[in-house]
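Open the model in your viewer and keep the sequence panel visible. The tour goes from the whole chain to single residues.

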Amino acid sequence: MWQKWGTVNEGLTMLKTIMIGRYLSIQGQFVRTTPSGLVVVKVGNKTFMGRPVPKRHAA
């Protein structure tokens, strides 16, 4: 699955935004979803795990 969204796909990468704590959000390359529903993203050489930010629909 990682190869599908990595640089092999002409530079396209799936970005995800996660919340860490109450006020800190991080956006990075999607790595995986844990069995508990948390999302792991990679920023540079660091990985972060947090709650996914829900998608909002336009009004």
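**The whole chain**

Start with a surface view: the protein exposes about 5000 Å², and carbon and sulfur atoms supply 57% of that area. Keep in mind that this is a predicted model. How much of the protein is buried? Of its 59 residues, 17% are buried.

Now switch to a cartoon view. You should find one helix and four strands. Following the chain from the N terminus, the elements come in the order α-β-β-β-β. Consider also how the chain folds back on itself: among contacts between residues at least 6 apart in sequence, 26% join residues at least 24 apart.

**The barrel**

Select the four strands. They close into a barrel in the order β1-β2-β3-β4, with antiparallel pairing. From one strand to the next, the twist averages 60°. Strands of a sheet pair through backbone hydrogen bonds, and the pairing can be parallel or antiparallel.

Next, select β3 (39–43) and β4 (residues 46–52). These two strands run antiparallel and are joined by five bridges. For one place to look, select Val 43: Lys 46 in β4 stands opposite Val 43.

**Val 41**

Stay in strand β3 and select Val 41. Is this residue buried or exposed? Val 41 counts as buried because its relative accessibility is 0%, and buried means under 20%.

Show what surrounds this side chain. Leaving aside neighbours within four places in sequence, Val 41 is in contact with ten residues you can select together: Lys 16, Ile 18, Ile 26, Gly 28, Gln 29, Phe 30, Val 31, Lys 46, Thr 47 and Phe 48. Then draw a distance from the C-alpha of Val 41 to the C-alpha of Met 14: the two are 9.9 Å apart in space and 27 residues apart in sequence.

**Thr 34**

Move to the loop between β2 (24–33) and β3 (39–43), and select Thr 34. Why does Thr 34 count as buried? The reason is its relative accessibility of 11%, which is below the 20% cut-off.

Which residues does Thr 34 touch, not counting those up to four places away in sequence? They are Val 40 and Met 49. Finally, select Ser 36 as well: a polar contact of 3.0 Å joins the side chains of Thr 34 and Ser 36.

Definitions and conventions. Residues are numbered from 1 along each chain as its sequence is written. This is a predicted model: local features need pLDDT of at least 70, side-chain atom pairs count only at pLDDT 80 or more; totals for chains, interfaces and linings use all residues. Side-chain values use heavy atoms; hydrogens and water are left out. Buried means under 20% relative accessible area, exposed over 50%, partly exposed in between (1.4 Å probe, protein chains only). Contact means heavy atoms within 4.5 Å. Accessible areas come from the Shrake-Rupley method with a 1.4 Å probe; for residues, only the protein chains shown count as cover. A polar contact is a pair of N or O atoms within 3.5 Å; within protein, one must be able to donate a hydrogen and the other to accept it, and residues adjacent in sequence count only if both atoms are side-chain atoms. Two strands pair if DSSP finds at least two bridges between them. Axes are lines fitted to C-alpha atoms, for helices over the stretch in contact, and angles run from 0 to 180 degrees between N-to-C directions.
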